[in-house]
Amino acid sequence: PVTEWLRHSLGLPGYAAGMEYALASPMVLRALSVLTAGIVEETLFRGYAVTRLLQLSGSLVFAVLSSSVVFTALHLPVWGPGPSLGFLIGSIAMTAFFAWRRDLLAMIIAHVAIDTWGLLVTPQVSEWWAYVPSVLPWRAA
């Protein structure tokens, strides 16, 4: 909610363009993307980048922020500046959690869960909900 409030307050666009791009793919491809993105991105940006940047720089803040900025920048072309602001804030929080707990599996599970909700579950529920007025008389009014 905070990132959405901030995005709206700054007048940045929402998720529509990125969702249109993502939803153009079949469900099976989206499911595969969700799984591989969770594994690959978390391994690369948390498991590898944070630990190496911390080792090289000695600064946890630099490691967390650098990894999060690069992660966000790579999502910018598809999702745009509005969602990317949320991705940056979320990435900083998740990367800080990883730096604290060093639990890569938890990061992978969280990433897959977030992407599953946004790219698989929500679009299906929205599609289903569009048909509800014709099935439930109380909603037709």
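A residue is called buried when its relative accessible area is under 20%, exposed when that area is over 50%, and partly exposed in between. By this yardstick, E4 of the predicted model counts as partly exposed because its relative accessible area is 30%. Its salt-bridge partner R7 is buried, with a value of 13%. The side chains of E4 and R7 come together at 2.9 Å, N to O, and the two residues sit 3 residues apart in helix α1 (residues 2-9), about one turn of the helix.

The structure holds 2 salt bridges. The pair E42 and R46 likewise forms a salt bridge, with the closest N and O atoms 2.9 Å apart. Because E42 and R46 are 4 residues apart in helix α3, about one helical turn separates them. Here both partners are buried. Side chains of opposite charge can pair when their charged atoms come close.

Turning to the nonpolar interior, the largest core is made up of 8 residues: M19, A22, V34, W79, I108, V112, L119 and L120. Helices α2 (16-23) and α6 (104-135) each give two or more residues to this core, and α6 supplies the largest share, 4 residues. Beyond its neighbours within four places in sequence, L120 is in contact with M27, R30, A31, V34 and D115. A second, separate core has 5 residues, among them V50, M94, F98 and M107.

The surface has a nonpolar feature as well: L35, I39 and V40 form a patch with about 260 Å² of accessible area together. L35 belongs to helix α3 (residues 27-57) and is partly exposed, at 45% relative accessibility.

Note on methods:
Residues are numbered from 1 along each chain as its sequence is written. This is a predicted model: local features need pLDDT of at least 70, side-chain atom pairs count only at pLDDT 80 or more; totals for chains, interfaces and linings use all residues. Side-chain values use heavy atoms; hydrogens and water are left out. A nonpolar core is a set of buried Ala, Val, Leu, Ile, Met, Phe, Trp, Tyr and Cys residues joined through side-chain atoms within 4.5 Å. Buried means under 20% relative accessible area, exposed over 50%, partly exposed in between (1.4 Å probe, protein chains only). Contact means heavy atoms within 4.5 Å. Patches are made of residues with over 30% relative accessible area and no salt bridge: like charges are joined within 9 Å, nonpolar side chains (Val, Leu, Ile, Met, Phe, Trp, Tyr) within 5 Å. Accessible areas come from the Shrake-Rupley method with a 1.4 Å probe; for residues, only the protein chains shown count as cover. A salt bridge is a side-chain nitrogen of Lys or Arg within 4 Å of a carboxyl oxygen of Asp or Glu.
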